[in-house]
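Biologist: I am new to this structure, and I would like a close look at a single part of it, the interior. Please take me through it slowly, beginning with the overall picture and then going from one element to the next.

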Amino acid sequence: MNPAVWVERHGRRRPEDPALAEGERVHATWGAWAARTAGAGTGLREQFGLTPGDRVAIVMRNRPEYLEALFAIWHAGLVAVPVNARLHRDEFAYILEHSASSVVITDEDHAPDLESLLGTVASLRAVVVAPGERWTRLASSPTAPPVDMRPEDPAWLFYTSGTTGRPKGATLTARNLLMASLSYFADIDPVSPQDSILHAAPLSHGSGLYGLPHVARGAVSVVPASGGVDGDEIGALLRHWPGMSFFAAPTMVKRLVGDPAVVAAAASRLKTIIYGGAPMYLADLEDALTAFGPRLTQIYGQGESPMTITALSKADHADRNHPRWRDRLQSVGTPRTDVEVRVVDGEDHVLPVGEVGEVLVRGDVVMAGYWNDAKATADVLRGGWLHTGDVGSFDADGYLTLRDRSKDLIISGGMNIYPREVEEALMRHPGVRAAAVVGRPDPRWGESVIAFVEAMDGAAPPSVEELDQTCLEHIARYKRPKDYRFVGSLPTNNYGKILKRELRQQVRSEGEDPRPR
Ligand code: AMP
């Protein structure tokens with residue numbers, strides 16, 4: 001089923017009701033959004049000669065046009081490639097090239113970077129700026145009905161960085177998106193047309209995925225006018241729009257707990273905060289429960305199983321008298337309705353309760369594979385199970401607790417950072433012989449990036465400013481190390497492999513770790 005059908009249906013049934021809002025201002029009613037979706041969808045196909053299955057990327061900060069673009073792409077039977085707008089230009093180039101995107105829809109801020117890629121990225125035919133004159137023209141094209149989409153058709157390429165340092169595109173089909181949406185109703189919350197969803201976190205990630213069940217049920221999608229996470233603004237929006245929920249990384253929840261405007265408004269108006277994507281300190285979670293009451297749901301998921309592996313329900317959060325309440329708060333909850341979850345040993349044999357191993361997932365929400373990467377797909381989906389790379393254990397009641405990640409992933413401020421990408425950037429500096437990057441527990445950001453740097457033999461180590469500059473030239477700003485440690489030689493094992501565990505232990509002792517072990 002084509003998700004654009006949802007917009008079309010609400011457009012017919014409730015044309016005058018608000019559908020998209022920028023802050024308190026209604027940006028489009030369902031009638032207007034449906035007309036724009038159909039116009040822009042048809043326009044994309046006709047003006048750029050695109051056919052179903054072609055890829056169209058979105059590089060945009062959160063704004064109502066983001067959702068207009070997303071649903072227009074689907075209306076046309078095209079595959080959306082929502083790209084993290086905070087990436088570096090070279091990272092945009094890689095994703096556009098790898099997905100062979102024909103068109104990119106962007107905003108004014110990102111237009112210069114993307115326009116500079118026309119001619120460099122072979123597949124790229126056009127850059128459309130929204131809002132803008134070209135977008136308005138597209139959106140007012142003569143309309144046609146949504147293109148037929150089969151359940152197995154790719155709908156969203158979710159690019160996630162891999163251990164190899166190059167991002168991989170998790171291919172999410174129409175079925176995957178539908179299952180993720182239905183399972184939201186099963187395990188997180190029912191949604192009604194009187195509700196609203198606030199997109200305070202990037203639409204290219206969890207917030208966008210959780211936007212879908214809200215569009216499906218005809219709730220209002222609200223994008224903060226600031227595009228960001230301003231406490232006063234969120235407080236005002238909670239008062240303005242009824243039944244509001246939003247997705248937030250744990251670090252964002254922590255920030256909001258400290259904001260009296262949000263806390264006061266939440267007490268009467270907030271429906272649910274869905275948090276996840278990274279571990280949350282127990283103390284922070286207890287503070288959040290005190291501030292917001294039992295309005296928190298935790299989810300554990302990944303791009304490959306779009307935000308749907310386990311959840312810790314509001315009821316579990318509220319059950320303070322349960323003897324294992326705190327243990328449960330430190331878990332990621334129980335498996336979602338539509339998936340099977342296993343913990344296995346190195347040979348994929350199921351482990352008994354209490355034993356720690358890799359978390360595997362199977363179900364209709366699990367991605368079809370990695371875009372154009374048969375080898376990585378075969379590896380991660382071996383035996384028909386998604387190998388998450390996360391390490392955890394089940395307790396006797398069926399709650400899963402994550403203990404570690406078998407991947408090197410660092411999650412800082414809710415953003416994923418793969419050490420290899422940062423190491424490769426650092427290694428471009430001629431004075432660097434070797435670099436190893438690890439995450440240090442950080443009470444504000446969850447983790448922060450720390451780089452251990454070995455200088456070229458006999459040379460003085462490069463300056464922090466030089467290393468920062470090298471990173472800024474090659475990778476997104478938020479991936480840059482927060483701290484550097486210059487070492488004579490990095491610890492290695494017999495095979496010369498850098499002992500990251502030792503480095504992690506060294507930095508871990510400097511801060512508090514949110515993960516139980
Ligand atoms: P992404 O694909 O960007 O959504 O990142 C997914 C990864 O984030 C997972 O494989 C986990 O390592 C981590 N993650 C997601 N949700 C949680 C959670 N609730 N608690 C701890 N880690 C999480």
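**The interior, step by step**

Modeller: Of the 517 residues of this protein, 60% count as buried, and since the model is a predicted one, everything that follows describes a prediction. To set the scene, the chain forms 18 helices and 25 strands, and its C-alpha trace extends over about 65 × 60 × 45 Å along the principal axes. A compact globule of 517 residues would have a radius of gyration near 24 Å, and the value of 23 Å computed for this protein agrees with that. Among contacts with a separation of 6 or more, 68% are made by residues that stand 24 or more positions apart. On the outside, the protein exposes about 20000 Å², of which carbon and sulfur atoms supply 50%.

Within the interior, the largest nonpolar core holds 80 residues, and those that touch the most other members are Trp33, Phe71, Trp74, Ile105, Trp135 and Leu400. Helix α3, which covers residues 64–75, gives this core its largest share, namely 8 residues. Apart from this core there is another one, of 38 residues, including Leu124, Val422, Cys471 and Tyr478. Returning to Leu400, and setting aside residues up to four places away in sequence, its contacts include Tyr300, Thr310, Val341, Val343, Val359 and Phe394. Ser331, Val332, Gly333, Gly392 and Ser393 are also touched by Leu400.

Two helices deserve attention for how they are enclosed. In helix α8, residues 206–216, 11 of the 11 residues are buried, so the rest of the structure largely encloses this helix. Its buried residues include Leu209, Tyr210, Leu212 and Val215, together with Gly206, Ser207, Pro213 and His214. Just after α8, Gly218 adopts a positive phi of about 80 degrees.

Helix α12, residues 282–292, has 8 of its 11 residues buried, and therefore it too is largely enclosed by the rest of the structure. The buried residues of α12 are Leu282, Asp284, Leu285, Glu286, Ala288, Leu289, Ala291 and Phe292, a list in which Asp284 and Glu286 appear beside residues such as Leu285 and Phe292. The cover over these buried residues includes the helices α10 (250–257), α11 (260–269), α13 (314–318) and α14 (325–329), as well as the strands β12 (270–276) and β13 (296–302). After α12 comes Gly293, with a positive phi near 75 degrees.

Individual residues at the starts of two other helices add to this picture. Ala174 belongs to helix α7, residues 174–187, and because its relative accessible area is 4%, under the 20% cut-off, Ala174 counts as buried. Beyond its neighbours within four places in sequence, Ala174 is in contact with Met1, Met149, Arg150, Pro151, Asp153 and Ala155. Lys500 belongs to helix α18, residues 500–508, and with a relative accessibility of 13% it is likewise under 20% and so counts as buried. Leaving out residues up to four places away in sequence, Lys500 touches Asp408, Pro419, Glu423, Ala436, Val437 and Val438. For the protein as a whole, there are 56 positive and 66 negative side chains, and the centres of these two sets are 2 Å apart.

Finally, some points in the backbone call for a careful look. Most residues other than glycine have a negative phi, and most peptide bonds are trans. Met307, in strand β14 (residues 305–312), is not a glycine, yet its phi is positive, near 60 degrees; Met307 is also buried, with a relative accessible area of 2%. Ala100 likewise has a positive phi, of about 50 degrees, without being a glycine, and it sits in the loop between α4 (89–99) and β5 (101–106). With a relative accessible area of 30%, which lies between 20% and 50%, Ala100 is partly exposed. Ala130 and Pro131 are joined by a cis peptide bond, with omega about -5 degrees, and Pro131 lies in the loop that runs between β6 (126–129) and α6 (133–139).

Methods. Residues are numbered from 1 along each chain as its sequence is written. This is a predicted model: local features need pLDDT of at least 70, side-chain atom pairs count only at pLDDT 80 or more; totals for chains, interfaces and linings use all residues. Side-chain values use heavy atoms; hydrogens and water are left out. A nonpolar core is a set of buried Ala, Val, Leu, Ile, Met, Phe, Trp, Tyr and Cys residues joined through side-chain atoms within 4.5 Å. Buried means under 20% relative accessible area, exposed over 50%, partly exposed in between (1.4 Å probe, protein chains only). Helices (H or I, at least four residues) and strands (E, at least two) are DSSP runs, numbered from the N terminus. Contact means heavy atoms within 4.5 Å. The radius of gyration is taken over C-alpha atoms; the globule rule is 2.2 Å times the number of residues to the power 0.38. Accessible areas come from the Shrake-Rupley method with a 1.4 Å probe; for residues, only the protein chains shown count as cover. Lys and Arg count as positive and Asp and Glu as negative; His and the chain ends are not counted. The place of a charge is taken as NZ of Lys, CZ of Arg, CG of Asp or CD of Glu.
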